[in-house]
Amino acid sequence: MIERIGGEEKVHLLVDHFYDLIETLPQGQAIMNMHLQGHGLSHVRPAQFEFLCGFFGGRRYYHERHGHMNLREIHAHVEIRKVDAEDWLAVMDKAMGDVGVEDAIRAQLNATFRRAALMLVNTA
């Protein structure tokens, strides 16, 4: 999948644009607050890039650094509501569209992201 997206360069563009949107769109506010409850903001972009490379079938940088890619473990320190998951999904969909991820790939990724995001919901 990573090559179909456009390689690591496109993943970098996607992550940077996604977090630019998180920092500016109203849907990003709760997600920003979650990051502030955890490790802060300095690690977010590199960690997301590392995770998504492996998630998309490329080099597993996140696994190499942290020994796992368990989303529940990564997010265990924060409460995640369904609205937070939906906000994340909306912002990621916009980011993918803005950086030119092809529609068919975008639809496939949206379905995969939806399953992962909803699995992380841990509070009402």
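These entries record what I looked up about the largest pocket and the helix packing.

**Entry 1: the model**
I noted at the outset that the model is predicted.

**Entry 2: the largest pocket**
I began with the volume of the largest pocket, which is about 770 Å³. I then looked up its lining, which comprises 33 residues. Closest to the centre of the pocket are Tyr 19, His 35, Gln 48, Ile 74 and His 75.

I next asked which helices supply at least two residues each of this lining. They are α3 (29-37), α4 (44-55), α5 (61-66), α6 (71-74), α7 (82-98) and α8 (103-119). I recorded α4 as the helix that gives the most, with 8 residues. Sorted by class, the lining holds 20 nonpolar, 9 polar and 4 charged residues.

**Entry 3: α2 against α4**
I turned to helix α2, residues 7-24, and its packing on α4. The angle between the two is about 135°, and their axes lie 9 Å apart. Angles that are neither under 35 degrees, nor over 145, nor 65 to 115 count as oblique, and α2 is therefore oblique to α4. I listed the crossing of these two helices as right-handed.

On the α2 side, the contact is formed by Glu 8, Val 11, His 12, Val 15, Asp 16, Phe 18, Tyr 19, Asp 20 and Glu 23. On the α4 side, I found Val 44, Arg 45, Gln 48, Phe 49, Leu 52 and Cys 53. I counted 8 nonpolar, 2 polar and 5 charged residues in this contact. Tyr 19 and Gln 48 appear in this contact, and both are listed among the residues closest to the pocket centre.

**Entry 4: α2 against α3**
I then examined α2 with α3, which pack at an angle of about 100° with axes 7 Å apart. The two helices are therefore roughly perpendicular to each other. From α2, the contact uses Tyr 19, Ile 22 and Glu 23; from α3, it uses Gln 29, Ile 31, Met 32 and His 35. By class I recorded 4 nonpolar, 2 polar and 1 charged. His 35, like Tyr 19, is named among the residues closest to the pocket centre.

**Entry 5: α7 against α8**
How are α7 and α8 oriented relative to each other? I found an angle of about 160°, with the axes 10 Å apart. The cut-off for roughly antiparallel is over 145 degrees, so α7 is roughly antiparallel to α8. I noted that α7 passes α8 in a right-handed crossing.

Lys 82, Ala 85, Glu 86, Trp 88, Leu 89, Met 92, Asp 93, Met 96 and Gly 97 are the α7 residues in the contact. They meet Arg 106, Leu 109, Asn 110, Phe 113, Arg 114, Ala 117 and Leu 118 of α8. This contact divides into 9 nonpolar, 2 polar and 5 charged residues.

Conventions:
Residues are numbered from 1 along each chain as its sequence is written. This is a predicted model: local features need pLDDT of at least 70, side-chain atom pairs count only at pLDDT 80 or more; totals for chains, interfaces and linings use all residues. Side-chain values use heavy atoms; hydrogens and water are left out. On a 1 Å grid over the protein atoms alone, a cavity is a set of points where a 1.4 Å probe fits but cannot get out, and a pocket is an open set with protein on both sides within 12 Å along at least five of seven lines; lining residues have an atom within 4 Å of a point. Grid points are joined across faces, edges and corners, and a volume is the space filled by probe spheres set on the points. Helices (H or I, at least four residues) and strands (E, at least two) are DSSP runs, numbered from the N terminus. Ala, Val, Leu, Ile, Met, Phe, Trp, Tyr, Cys and Pro count as nonpolar, Asp, Glu, Lys and Arg as charged, and the others, Gly among them, as polar. Axes are lines fitted to C-alpha atoms, for helices over the stretch in contact, and angles run from 0 to 180 degrees between N-to-C directions. A crossing is left-handed if the near helix is turned anticlockwise from the far one by less than a right angle, and right-handed if clockwise. Contact means heavy atoms within 4.5 Å.
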